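Reader: I should like to learn how the internal features of a model of this kind are read. May we take them one at a time?

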Amino acid sequence: MKLRTVFLSLVAASGVWLSAARAEAQRESPAPNAAFDRGDVMWRFELGYRGSFITSPGYNAFATQDYIPQLSMTASRTLLARGRYSLASGIGWDYGSSSATARGDASSLTMHRLDVPLEGRFHLGRWGYAFLRLAPGVAVVTTQIEDFSASSMGTAGQALTKSRWLFAADASAGYAWLVWSGVPNSEVGPRLWIQADGGYGWVAEERLSLAPSVADDQRTAGIDLGPLAMRGGFFRIAAALSY
């Protein structure tokens with residue numbers, strides 16, 4: 001009788017211990033991954049359209065409106081993640097061009113921007129995330145005028161050009177929507193986002209002193225069109241793929 005009592009006591013104690021161990025394991029086990037990916041290993045590629053509003057008077061010689069359309073691409077990776085917050089960085093490239101004709105002179109402007117975006121994100125579950133982005137970098141602005149007005153000097157069609165690297169920076173805020181989360185119940189795989197942001201883009205001011213494109217041609221004098229600052233408000237709409 002005593003042996004049976006001891007055996008039953010051991011069985012009961014073992015059951016209590018196993019129940020307690022199971023409850024402790026459940027408390028310590030990590031929560032399942034959310035349907036959106038904000039993990040510390042999140043690669044992301046964006047492709048979109050950027051529209052910038054340029055109010056500098058110097059831009060009027062190269063466009064018929066105070067606006068320049070641009071192709072925008074960014075590749076980034078999540079660096080830190082804690083709770084609903086994460087931080088990402090990468091590299092971005094924007095390209096845009098404009099042209100105009102005034103007093104018989106055909107003019108054009110192209111601009112490339114290279115930057116390093118630093119993006120802070122606040123995640124909202126399946127609804128995506130809001131973000132703030134700061135993007136310091138550089139821009140190369142190339143301007144050209146086909147100087148047909150110089151025909152009286154015997155130099156009709158001579159191109160006057162200037163190209164210069166300048167410091168640039170962006171600051172914007174926006175939102176990214178998760179529109180496709182990949183294979184159901186899968187923690188890995190590509191995911192599709194649609195996002196929009198808006199802010200202010202800044203490029204250092206330069207002096208538009210254009211010179212002949214042919215270095216040894218001394219027949220055509222350069223021209224000075226005053227200052228140009230490719231800065232102003234902008235918006236961007238993009239699609240992104242993350243993995």
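Reader: Which strands each supply at least two residues of the lining of the second largest cavity?

Author: Please bear in mind that this is a predicted model. To read a cavity, one assigns its lining residues to the elements of the chain. Here strand E1 (43–53), strand E4 (105–115) and strand E11 (232–242) each contribute at least two residues to that lining. The lining includes Arg50 and Ser52, Met111 and Arg113, and Phe234. Gly201 and Met230 also belong to the lining of this second largest cavity.

Reader: What volume does the second largest cavity have, and how do the residues of its lining divide?

Author: The space in the second largest cavity is about 50 Å³. Its lining comprises four nonpolar, four polar and three charged residues.

Reader: How many cavities of 30 Å³ or more does a search of the whole structure find?

Author: The search finds three. The largest cavity has a volume of about 60 Å³.

Reader: Which residues line the largest cavity, and which strands each supply at least two of them?

Author: Again one reads the lining by residue and then by element. Among the lining residues of the largest cavity are Ser72, Met73 and Thr74, Gly92, Trp93 and Asp94, together with Arg133 and Ala135. Strand E2 (67–82), strand E3 (85–102) and strand E6 (129–147) each provide at least two residues. Asp115, Asp170 and Arg236 are also in this lining. By class, the lining of the largest cavity holds four nonpolar, three polar and five charged residues.

Reader: What elements does the chain have, and in what order do they run?

Author: One reads the elements from the N terminus on. There are one helix and 11 strands, and the order is α-β-β-β-β-β-β-β-β-β-β-β. Of the contacts with a separation of 6 or more, 68% join residues 24 or more positions apart.

Reader: How much of the chain is buried?

Author: Of the 243 residues in the chain, 38% are buried. The accessible surface of the chain is about 13,800 Å², and carbon and sulfur atoms account for 65% of that surface.

Reader: Is Lys162 buried or exposed, and why?

Author: One compares the relative accessible area with a cut-off. Lys162 counts as buried because its relative accessible area is 19%, and buried means under 20%.

Reader: Where is Lys162 found, and what does its side chain reach?

Author: Lys162 lies in strand E7 (residues 158–180). Its side chain reaches the backbone oxygen of Arg207 at 2.2 Å. Leaving aside neighbours within four places in sequence, the contacts of Lys162 include Val141, Thr142 and Thr143, as well as Glu206 and Leu208.

Definitions and conventions. Residues are numbered from 1 along each chain as its sequence is written. This is a predicted model: local features need pLDDT of at least 70, side-chain atom pairs count only at pLDDT 80 or more; totals for chains, interfaces and linings use all residues. Side-chain values use heavy atoms; hydrogens and water are left out. On a 1 Å grid over the protein atoms alone, a cavity is a set of points where a 1.4 Å probe fits but cannot get out, and a pocket is an open set with protein on both sides within 12 Å along at least five of seven lines; lining residues have an atom within 4 Å of a point. Grid points are joined across faces, edges and corners, and a volume is the space filled by probe spheres set on the points. Helices (H or I, at least four residues) and strands (E, at least two) are DSSP runs, numbered from the N terminus. Ala, Val, Leu, Ile, Met, Phe, Trp, Tyr, Cys and Pro count as nonpolar, Asp, Glu, Lys and Arg as charged, and the others, Gly among them, as polar. Buried means under 20% relative accessible area, exposed over 50%, partly exposed in between (1.4 Å probe, protein chains only). Contact means heavy atoms within 4.5 Å. Accessible areas come from the Shrake-Rupley method with a 1.4 Å probe; for residues, only the protein chains shown count as cover. A polar contact is a pair of N or O atoms within 3.5 Å; within protein, one must be able to donate a hydrogen and the other to accept it, and residues adjacent in sequence count only if both atoms are side-chain atoms.
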